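Here are a few short exercises to help you find your way around a new structure. Try each one on your own, then read the worked solution below it.

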Amino acid sequence: MTKTQKSPWPTQRVMQQIYDKHLWGGDRFDFYSGYGSHQTEIIRPYLIAVSSFLKSHKTPLAICDLGCGDFNIGKHLYKHSKTYNAIDIVASLIARNQLLFKAPNLSFSCMDISIAELPNADAVILRQVLQHLSNIEIKKIVHKLSQYKYIILTEHLPLGNFVSNIDIISGQGIRLRHNSGVDITEAPFGLNPSKAIILNEIILPNRKGNIRTNLYTT
């Protein structure tokens with residue numbers, strides 16, 4: 001699928017437009033998944049924390065990366081996995097990733113994770129993906145997450161007290177402007193993990209919230 005072709009999936013059309021029009025910034029000649037996937041102060045501590053968790057297992061885990069974006073994050077993580085299946089909803093982005101990143105344990109797939117049957121794996125990575133989706137789509141995704149032993153979930157949240165899970169239309173924006181953020185353990189999602197820890201947390205300057213990574217064991 002070319003950058004100008006229309007997708008049959010509404011959310012895919014929105015995400016395709018974000019990349020086509022570079023609404024998250026970056027070089028107009030390439031794909032760019034936003035500062036949250038590129039800013040050193042944000043991604044370096046995240047990569048240290050997640051890599052440490054992955055390397056703590058004697059037998060490498062099979063990983064499913066839901067919403068891999070431009071793969072600026074995943075390219076540092078797949079070497080710590082048994083297999084790494086990187087998934088995104090934008091077909092032309094996946095085609096680009098397939099050309100740039102190759103390894104025996106690495107594969108890329110294009111799918112709408114709210115609709116498709118998700119691949120089997122030991123752990124799933126969802127990094128600042130759900131925050132862009134409507135509650136209906138998130139609920140469908142959360143329903144499937146219990147198949148994974150580990151869920152590594154990163155969300156951009158407001159500082160201080162906030163109301164969880166105010167609904168939005170899927171797209172570029174997130175719930176932060178409504179003083180809200182995604183918490184999949186709260187209604188209407190209700191994930192009930194056996195264990196939950198904060199794996200990493202980055203407080204952004206100028207009270208622009210914090211980017212928190214939770215590790216859930218199901």
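**Exercise 1.** Find the bridge partner of Leu157 in strand E9, then work out how E5 and E9 run.

*Solution.* Keep in mind that you're looking at a predicted model.
- Step 1: look across from Leu157 into E9, and you land on Asn210, its bridge partner.
- Step 2: follow the two strands along. Eight bridges join E5 to E9, and the pair runs antiparallel.
- Step 3: now try E4 (residues 123-127), which also pairs with E5, this time in the parallel sense and over five bridges. Val124 is the residue that stands opposite Ile151 of E5.
- Step 4: trace the chain from E4 to E5. On the way it passes through helix H4 (residues 135-144), and this β-α-β crossover is right-handed.

**Exercise 2.** Take strand E5 (residues 150-157) and decide how many of its residues are buried. Then sort them by the way they point.

*Solution.*
- Step 1: use the cut-off for buried, which is under 20% relative accessible area. Eight of the eight residues in E5 are buried, so the strand counts as mostly covered.
- Step 2: recall that side chains in a regular strand alternate between the two faces of the sheet.
- Step 3: sort. Tyr150, Ile152, Thr154 and His156 point one way, while Ile151, Leu153, Glu155 and Leu157 point the other way. Both sets are buried.

**Exercise 3.** Write down the strand order of the sheet that seven strands form, and name its edge strands.

*Solution.*
- Step 1: walk across the sheet and you get E3-E2-E1-E4-E5-E9-E8. The sheet is open, with mixed pairing.
- Step 2: check the ends. E3 (106-110) and E8 (195-203) each pair on one side only, which makes them the edge strands.
- Step 3: look at the twist, which averages 20° from one strand to the next.
- Step 4: zoom in on the E8 end. Eight bridges join E8 to E9 (residues 210-217), and these strands run antiparallel. Asn200 is found opposite Thr213 of E9.

**Exercise 4.** Which strands does helix H3 touch as it packs on the sheet, and which of its residues are buried?

*Solution.*
- Step 1: find H3 at residues 91-100. On the sheet it touches E2 (81-88) and E3, and its direction makes about 165° with that of E3.
- Step 2: list the buried residues of H3: Ala91, Ser92, Leu93, Ile94, Arg96 and Asn97.
- Step 3: see what those residues pack against. Besides E2 and E3, there's helix H1 (10-20).

**Exercise 5.** How many disulfides are there? Explain why Cys64 is in no bond with the closest cysteine sulfur.

*Solution.*
- Step 1: the cut-off to apply is a pair of cysteine sulfur atoms within 2.5 Å.
- Step 2: start at Cys64. The closest cysteine sulfur is in Cys68, and it sits 9.8 Å away, so that's too far for a bond.
- Step 3: move on to Cys68. Its nearest cysteine sulfur belongs to Cys110, at 9.4 Å, and Cys68 is in no disulfide.
- Step 4: the count comes to zero.
- Step 5: as an extra, check accessibility. Cys64 is buried at 0% relative accessible area, and Cys68 is buried too, at 8%.

**Exercise 6.** Visit some loop residues. Is His80 buried or exposed, and what is notable about phi of His22 and of Phe71?

*Solution.*
- Step 1: go to the loop between E1 (61-66) and E2, where His80 has its place. With a relative accessible area of 18%, His80 is buried. Leaving aside neighbours within four places in sequence, its contacts are Ser51, Leu54, Lys55 and Pro60.
- Step 2: stay in the loop between E1 and E2 for Phe71. Its phi is near 70°, a positive value in a residue other than glycine, and Phe71 is buried at 0%.
- Step 3: hop to the loop between H1 and helix H2 (40-55) for His22. Phi of His22 is positive as well, near 55°.
- Step 4: finish in the loop between E7 (180-181) and E8, home of Pro188. The peptide bond from Ala187 to Pro188 is cis, with omega near 5°.

**Exercise 7.** Where is the pLDDT below 50?

*Solution.*
- Step 1: begin with the chain as a whole. Its mean pLDDT is 92, and 96% of the residues reach 70 or more.
- Step 2: the stretch you want is residues 1-7, where the pLDDT is below 50. Beyond near neighbours in sequence, this stretch has 13 contacts in the model.
- Step 3: where pLDDT is low, don't read the predicted coordinates in detail.

Conventions
Residues numbered from 1 in each chain as written. Predicted model: local features only at pLDDT ≥ 70, side-chain atom pairs only at ≥ 80, totals over all residues. Heavy atoms only, no water. pLDDT = per-residue confidence, 0-100. Contact = heavy atoms within 4.5 Å. Buried < 20%, exposed > 50% of the residue type's maximum accessible area, 1.4 Å probe, protein only. Pairing = 2+ DSSP bridges. Helix = DSSP H or I, 4+ residues; strand = E, 2+ residues; numbered from the N terminus. Axes fitted to C-alpha atoms, helices over the stretch in contact; angles between N-to-C directions. Right-handed = clockwise from strand over helix to strand, strands pointing away.
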